[in-house]
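Biologist: I'd like to learn how to read a model like this one. Could you take me through it, feature by feature?

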Amino acid sequence: MKFRYTLEILAVIAIVVFIAAFLYTSSTMRGAEFAGSDTVGSGLIAELSNTSEENFQPLIPQWEPPSGEIESCLFALQAAIGGILVGGVFGYWIGQKKKP
Amino acid sequence: MHIMEGGLSWQWCLVWWVVALPCLIYGVYQLKKVLAADREALPLLGVTGGFIFILSSLKLPSVTGSCSHPTGTGLSTISFGPWITAVVCAIVLLFQSLFLAHGGLSVLGANIVSMGIAGPVAGYALFRLLRTTSLNVYLSVFLVTALADMFTYITTSLELALAYPAETGGSISSFIMFLGVFALTQIPLAIVEGIVLALVFKYIIALKPDILIRLHIFSEEKIMAARSNI
């Protein structure tokens with residue numbers, strides 16, 4: 001019988017390497033804050049345009065999540081919508097297959 | 001990561017909106033056509049779109065010491081092409097700009113161009129090229145997904161570099177600086193995303209190979225080879 005789980009193993013290896021790289025960076029790199037790269041990018045914009053970051057005001061007024069908790073809640077909601085779509089369809093397909 | 005609200009002047013916002021809008025309109029038109037022709041395309045759209053929702057909500061740490069999102073656009077690009085992918089991305093990006101203060105309404109055009117159009121177009125071009133070769137399905141999915149992800153961030157860097165040329169060296173040197181921030185962080189994420197989506201594609205092939213053949217995404221021989229191989 002042929003070995004059937006090559007991709008699964010590869011995915012697990014990739015994720016483990018990814019986590020290991022993260023652990024290595026977070027323990028060795030000084031000043032690694034793991035801020036979003038857009039935060040780093042905004043800093044670069046401020047540097048290039050010679051203005052402070054506070055000067056960047058939204059062009060269109062924008063609602064901001066009042067706290068990090070609420071932000072992560074909404075991010076989780078987005079992921080949940082995706083999860084429902086993916087799980088729902090896979091379930092639908094499995095159901096279709098069972099029918100003769 | 002997206003360009004933040006206020007990150008681009010209104011002139012540049014307008015430019016990217018002008019680029020994005022025709023693509024979106026064409027995407028909606030194409031979407032209607034595909035769904036009218038084959039109702040079984042809708043579940044596939046649900047799966048591929050669902051992965052854009054999931055992956056673009058994950059902020060992952062990278063070796064550069066900052067975090068970034070994968071884009072998840074690879075599967076949708078392969079299955080439906082870049083224009084329909086742009087429509088799905090626009091929905092996700094609208095959600096994020098309205099509720100999460102990630103990106104914003106004025107820079108939405110620029111963000112749609114990078115995540116929904118430039119990345120998927122690059123990925124789709126590679127996909128069309130790979131389809132003519134004998135490369136197996138999973139490797140194609142991996143390469144297309146990783147390229148679509150990387151190219152999204154290269155485009156973001158380009159958009160910012162055009163708007164903020166450096167004092168010495170102009171846009172080219174600021175492009176390299178932005179690449180250092182965005183693209184470098186993205187490399188490990190793009191690789192992992194490529195492998196994970198290739199794995200997901202395996203399950204799609206296992207469950208619903210006929211829809212992939214009917215939509216002419218991969219040839220029957222390639223699908224059959226993929227089913228028997230891994």
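Modeller: Happily! Keep in mind that this is a predicted model. Let's start with a single residue: His216(B) is exposed, because just 8 other C-beta atoms lie within 10 Å, and 12 or fewer is what counts as exposed.

Biologist: Where in chain B is His216(B) placed?

Modeller: His216(B) belongs to the loop between α7 (209–214) and α8 (220–229) of chain B. Its backbone deserves a look too. Most residues other than glycine have a negative phi. His216(B), although not a glycine, has a positive phi of about 60°.

Biologist: And what phi does Ala101(B) have?

Modeller: Ala101(B) has a positive phi of about 55°, and it is not a glycine either. You'll find Ala101(B) in the loop between α3 (74–99) and α4 (108–131) of chain B. Ala101(B) is partly exposed, since 17 other C-beta atoms fall within 10 Å.

Biologist: Now a residue in a helix. Is Asp149(B) buried or exposed?

Modeller: The idea is to count neighbours, with 20 or more making a residue buried. Asp149(B) has 31 C-beta neighbours inside 10 Å, so it counts as buried. Asp149(B) sits in helix α5 (residues 137–163) of chain B.

Biologist: Which residues does Asp149(B) touch, not counting residues up to four places away in sequence?

Modeller: With those left out, Asp149(B) touches Pro70(B), Thr71(B), Gly119(B), Gln186(B), Leu189(B), Ala190(B) and Glu193(B). You can also set sequence separation beside distance in space: Asp149(B) and Ala125(B) are 24 residues apart in sequence, and their C-alpha atoms are 14 Å apart.

Biologist: Let me zoom out. How many helices and strands does chain B have?

Modeller: Chain B has eight helices and two strands. Followed along the sequence, the pattern is α-α-β-β-α-α-α-α-α-α. To judge the overall form, compare the radius of gyration with what a globule rule gives for the chain length. For chain B the radius of gyration is 18 Å, close to the 17 Å given by the rule for 230 residues, so chain B is as compact as a globular protein of that length. The C-alpha trace of chain B spans about 55 × 35 × 30 Å along its principal axes.

Biologist: What share of chain B is buried?

Modeller: Buried residues account for 61% of the 230 residues in chain B. Contacts add to the picture: among those between residues at least 6 apart in sequence, 73% join residues at least 24 apart.

Biologist: How does chain A read by the same steps?

Modeller: Chain A has three helices and one strand, in the pattern α-β-α-α. Its radius of gyration is 22 Å, well over the 13 Å from the globule rule for 100 residues, so chain A is more spread out than a compact globule. The C-alpha trace of chain A spans about 65 × 40 × 25 Å along its principal axes, and 14% of the 100 residues of chain A count as buried. Chain A is also divided into domain 1 (1–56) and domain 2 (66–100), according to a domain assignment. The C-alpha centres of these two domains of chain A lie 24 Å apart.

Biologist: How many residues does each chain give to the contact?

Modeller: Chain A gives 52 residues and chain B gives 53 residues. On the chain A side, the elements giving two or more residues are α1 (6–28), β1 (35–36), α2 (37–49) and α3 (68–98). The largest share, 17 residues, comes from α3(A). By class, that side of chain A has 32 nonpolar, 13 polar and seven charged residues.

Biologist: Which strands make up the open sheet, and in what order?

Modeller: The open sheet has three strands in the order β1(A)-β2(B)-β1(B), with mixed pairing. β1(A) and β1 (60–61) of chain B are at the edges, each with a single partner strand, so one side of each has no neighbour in the sheet. β1(A) pairs in the parallel sense with strand β2 (residues 66–68) of chain B over two bridges, and Ala35(A) stands opposite Ser66(B) in β2(B).

Biologist: Last one: how should I read the confidence?

Modeller: Where pLDDT is low, the predicted coordinates should not be read in detail. Chain B averages a pLDDT of 90, and 99% of the residues score at least 70. For the complex, the predictor gives an ipTM of 0.84 and a pTM of 0.90.

Notes: Residues are numbered from 1 along each chain as its sequence is written. Chains are lettered from A and ligands numbered from 1 in the order in which they are written. This is a predicted model: local features need pLDDT of at least 70, side-chain atom pairs count only at pLDDT 80 or more; totals for chains, interfaces and linings use all residues. Helices (H or I, at least four residues) and strands (E, at least two) are DSSP runs, numbered from the N terminus. The radius of gyration is taken over C-alpha atoms; the globule rule is 2.2 Å times the number of residues to the power 0.38. Two residues are in contact if their C-beta atoms, placed from the backbone, lie within 7 Å. pLDDT is the predictor's confidence in each residue, from 0 to 100. Ala, Val, Leu, Ile, Met, Phe, Trp, Tyr, Cys and Pro count as nonpolar, Asp, Glu, Lys and Arg as charged, and the others, Gly among them, as polar. Two strands pair if DSSP finds at least two bridges between them.
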